[in-house]
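The following exercises are to be worked with the sequence and the three-dimensional model open side by side. Each task is followed by a solution in steps.

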Amino acid sequence: MKNKIFSLALLALTSQVNAASVQEQMEQNPAVKTAVEELVIANHILYDQNAVDGYGHISVRNPANPNTFFLARSVAPSVVKVEDIMEFDMNGKALNGDTRVAYGERFIHSGVLKTRPDINSVIHGHASPILPYGLTGTTLKPVYHMSAFLGEGAPVFEIRNFAQPNPDTDMFVSSPELGDALSKTMGLQYFVLMRGHGYAAGASSIKMAVFRSVYAIQNASIQAEAMKMGQVQYLTPGEAATAQATIEKTIGRPWQLWSERVKKTQ
Ligand SMILES: [Zn+2]
């Protein structure tokens, strides 16, 4: 009994010490502090902009260690605080002995961040305007300059093709293998649809990933409306590349707007 109490006390102490590990890194490295604080704001913005609801998440690569990333523990994005941020390796394993419950789909993040050194932030969500594209085979393509990064269209991750031996999964990307398969489907693009589930978006920074998620969702709504009216004129690949280069220089502007909005409601 005495031993059990001692073990429990040690466990509590260990988890306290380890829970402070991300905080310690923040104290030691200003870049880590900035990344974690920005990650918290991004969680709130994504909720405020209807890119996520009670579900969905955003990660950022650790600026002090490219082989780890930060992601909140399993809580709704709108309530994420600095203390909720955990650190994971590229197999989705929690580090620092952190035993708190993590998102079951952290493998989306590990899968993409592991294979894409140009991506430092990943977002996963289920925004409803996105869903019909993964269901019907209609390609989500850029209809305006804001979502030019969609290029020649978003690929669709078909989980049935990767779930062995039973293709009838719960639809969750809940293993390193499924995370790797999703990343492979994304290829060299920055957005991938997940049939019957949602999407994953990636970018070189948190701000860019948030920007892309918000405008990909808007693109989905506009494209659906336009398709009801008639033949849609999409951006050509050349227009998409040129527009992307121009618009993505300006992402600080919506970030300022969105971050000030969420700060006011806190
Ligand atoms: Zn999901």
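**Exercise 1. A loop phenylalanine**

Task: Determine whether phenylalanine 162 is buried, partly exposed or exposed, and describe its surroundings in this predicted model.

Solution.
Step 1. The relative accessible area of phenylalanine 162 is 37%. Buried requires a value under 20% and exposed a value over 50%; phenylalanine 162 is therefore partly exposed.
Step 2. In the chain, phenylalanine 162 lies in the loop between strand E5 (156-157) and helix H6 (176-186).
Step 3. Leaving aside residues up to four places away in sequence, phenylalanine 162 touches Phe157, Leu178, Ala181 and Thr185.
Step 4. As a distance exercise, take aspartate 48: phenylalanine 162 is separated from aspartate 48 by 114 residues in sequence and by 34 Å in space, C-alpha to C-alpha.

**Exercise 2. Backbone features of the loop before H6, and of H6 itself**

Task: Locate the cis peptide bond and state which residue in the loop between E5 and H6 is methionine with a positive phi. Then describe the packing of H6.

Solution.
Step 1. The cis peptide bond joins glutamine 164 and proline 165, with omega at about -5°. Proline 165 is in the loop between E5 and H6.
Step 2. Methionine 171 is also placed in the loop between E5 and H6. Its phi is near 80°, a positive value in a residue other than glycine. With a relative accessible area of 23%, methionine 171 is partly exposed.
Step 3. In H6, the buried residues are Leu178, Gly179, Ala181, Leu182, Ser183 and Met186. These buried residues pack against helix H4 (106-115), E5, E6 and E7.
Step 4. Just after H6, glycine 187 takes a positive phi of about 60°.

**Exercise 3. The zinc site**

Task: Identify the residues that coordinate the zinc ion, and classify the geometry of the site.

Solution.
Step 1. The zinc ion is coordinated at 2.0 to 2.2 Å by Glu105 through OE and by His124, His126 and His197 through NE2.
Step 2. The angles among the four donor atoms run from 91 to 157°. A tetrahedral site would need all angles between 85 and 135 degrees, and the site of the zinc ion is irregular.
Step 3. Along the sequence, the donor residues follow the spacing E-x18-H-x1-H-x70-H. Histidine 126, in the loop between strand E4 (121-125) and helix H5 (131-136), and histidine 197, in the loop between strand E6 (191-194) and strand E7 (198-203), are 71 residues apart, and the pair links distant parts of the chain.
Step 4. Histidine 126 is partly exposed, at a relative accessible area of 28%, whereas histidine 197 is buried, at 10%.

**Exercise 4. Helix packing around H3**

Task: Describe how H3 is oriented with respect to H9 and with respect to H7.

Solution.
Step 1. Two packed helices are described by the angle between their axes and the distance between the axes.
Step 2. For helix H3 (residues 30-48) and helix H9 (residues 252-264), the axes come within 9 Å and cross at roughly 85°. H3 is therefore roughly perpendicular to H9. The contact brings Glu38, Ile41, Ala42, His44, Ile45 and Asp48 of H3 against Trp255, Trp258, Ser259, Arg261, Val262 and Lys263 of H9.
Step 3. For H3 and H7, the axes come within 10 Å and cross at roughly 10°. H3 is therefore roughly parallel to H7. Here Ala35, Glu38, Leu39, Ala42, Ile45 and Leu46 of H3 meet Ile206, Lys207, Val210 and Ser213 of H7.
Step 4. In the loop between H3 and strand E1 (57-62) is asparagine 50. Its phi is near 60°, a positive value in a residue other than glycine, and at 59% relative accessibility asparagine 50 is exposed.

**Exercise 5. The nonpolar core**

Task: State how many residues form the largest nonpolar core, and which helix gives the most to this core.

Solution.
Step 1. In soluble globular proteins, nonpolar side chains tend to be buried together.
Step 2. The largest nonpolar core has 74 residues, and those with the most contacts inside it include Ile85, Phe157 and Val210. Helix H7 (residues 206-229) gives the most to this core, with ten residues.
Step 3. Isoleucine 85 has contacts beyond four places in sequence with, among others, Val22, Val36, Leu39, Phe70 and Arg100.

Notes
Residues are numbered from 1 along each chain as its sequence is written. This is a predicted model: local features need pLDDT of at least 70, side-chain atom pairs count only at pLDDT 80 or more; totals for chains, interfaces and linings use all residues. Side-chain values use heavy atoms; hydrogens and water are left out. Donors are N, O and S atoms within 2.8 Å of the metal (3.2 Å for Na, K and Ca); water is not among the atoms, so sites may look incomplete. Four donors count as tetrahedral if all angles lie between 85 and 135 degrees; four count as square planar and six as octahedral if opposite donors are over 155 degrees apart and all others between 65 and 115; anything else is irregular. Helices (H or I, at least four residues) and strands (E, at least two) are DSSP runs, numbered from the N terminus. Buried means under 20% relative accessible area, exposed over 50%, partly exposed in between (1.4 Å probe, protein chains only). A nonpolar core is a set of buried Ala, Val, Leu, Ile, Met, Phe, Trp, Tyr and Cys residues joined through side-chain atoms within 4.5 Å. Contact means heavy atoms within 4.5 Å. Axes are lines fitted to C-alpha atoms, for helices over the stretch in contact, and angles run from 0 to 180 degrees between N-to-C directions. Angles under 35 degrees count as roughly parallel, over 145 as roughly antiparallel, 65 to 115 as roughly perpendicular and the rest as oblique.
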